[in-house]
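Here are a few exercises to work through with a viewer open. Try each one yourself before reading the solution.

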Amino acid sequence: MNYKEIAKETIENLYRAHNSIRKSGIDEKLIALVELRISQINGCAYCCSFHAKELSDFGLEQDIINRLPGWKHTQVFNDQQKLVLEWAEAIIYNKYDWENTKAKLIKHFTEREIVELTASITLMNTLNKLRITLAGED
């Protein structure tokens with residue numbers, strides 16, 4: 001199904017929001033890292049490929065990209081990267097200690113950055129679900 005054409009205005013607005021987040025001032029590598037992790041969790045093959053290539057283009061080593069599914073069990077990610085990955089999984093899985101993770105975020109990010117990061121996480125989840133359920137196989 002060509003969902004991008006069927007609901008063109010709605011889908012274009014989602015991508016405008018995505019572009020706005022990318023221009024918000026948060027390190028694009030952090031956003032792309034979170035987007036790849038969310039795409040892995042959701043199983044969106046197209047998005048996984050897209051964001052892995054994007055991270056590679058940003059200069060992230062392939063070995064680090066390959067370790068993303070096991071980020072909790074490796075030292076290749078810095079504290080900031082681990083924190084945003086923890087926040088992403090807290091939101092996507094809806095089962096972690098929200099307040100504890102949010103308290104850590106407040107120490108490292110501005111309120112606007114937290115809002116933009118959270119919007120990025122929830123938007124990528126939505127874009128993954130649209131692609132998986134309506135676009136068919138890649």
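The exercises below go from the overall fold to the cores and then to one residue.

This is a predicted model, in which local features need pLDDT of at least 70, side-chain atom pairs count only at pLDDT 80 or more, and totals for chains, interfaces and linings use all residues. Residues are numbered from 1 along each chain as its sequence is written, and side-chain values use heavy atoms, with hydrogens and water left out.

**Exercise 1.** Work out how many helices and strands the protein chain has.

Solution. Start with the DSSP runs, numbered from the N terminus: helices are H or I over at least four residues, strands are E over at least two. Counting them gives eight helices and zero strands. Written along the sequence, the pattern is α-α-α-α-α-α-α-α.

**Exercise 2.** Check the radius of gyration of the protein chain against that of a compact globule.

Solution. Take the radius over C-alpha atoms; the globule rule is 2.2 Å times the number of residues to the power 0.38. For 138 residues the rule gives a value near 14 Å, and the chain has 15 Å, so the two agree. As a further step, lay a box along the principal axes: the C-alpha atoms fill roughly 40 × 30 × 30 Å.

**Exercise 3.** Find the largest nonpolar core and say which helix gives the largest share of it.

Solution. First, the terms: a nonpolar core is a set of buried Ala, Val, Leu, Ile, Met, Phe, Trp, Tyr and Cys residues joined through side-chain atoms within 4.5 Å. Buried means under 20% relative accessible area, exposed over 50%, and partly exposed in between (1.4 Å probe, protein chains only). Next, the core itself: it has 23 residues, and V34, I38, L105, F109, L117 and I121 have the most contacts inside it. Helix 2 (8-22), helix 3 (28-42), helix 6 (79-93) and helix 8 (111-134) each supply at least two of its residues. Helix 8 gives the largest share, seven residues. Finally, look for a second, separate core: it has twelve residues, including A32, L33, I65 and F77.

**Exercise 4.** List what F109 touches, leaving out residues up to four places away in sequence.

Solution. Apply the contact cut-off, heavy atoms within 4.5 Å. The partners of F109 are L30, Q80, L83, V84 and I114.

**Exercise 5.** Decide whether I6 is buried or exposed.

Solution. Locate I6 in helix 1 (residues 3-6). Its relative accessibility is 64%, so I6 counts as exposed. For comparison with the whole chain, 41% of the 138 residues count as buried.
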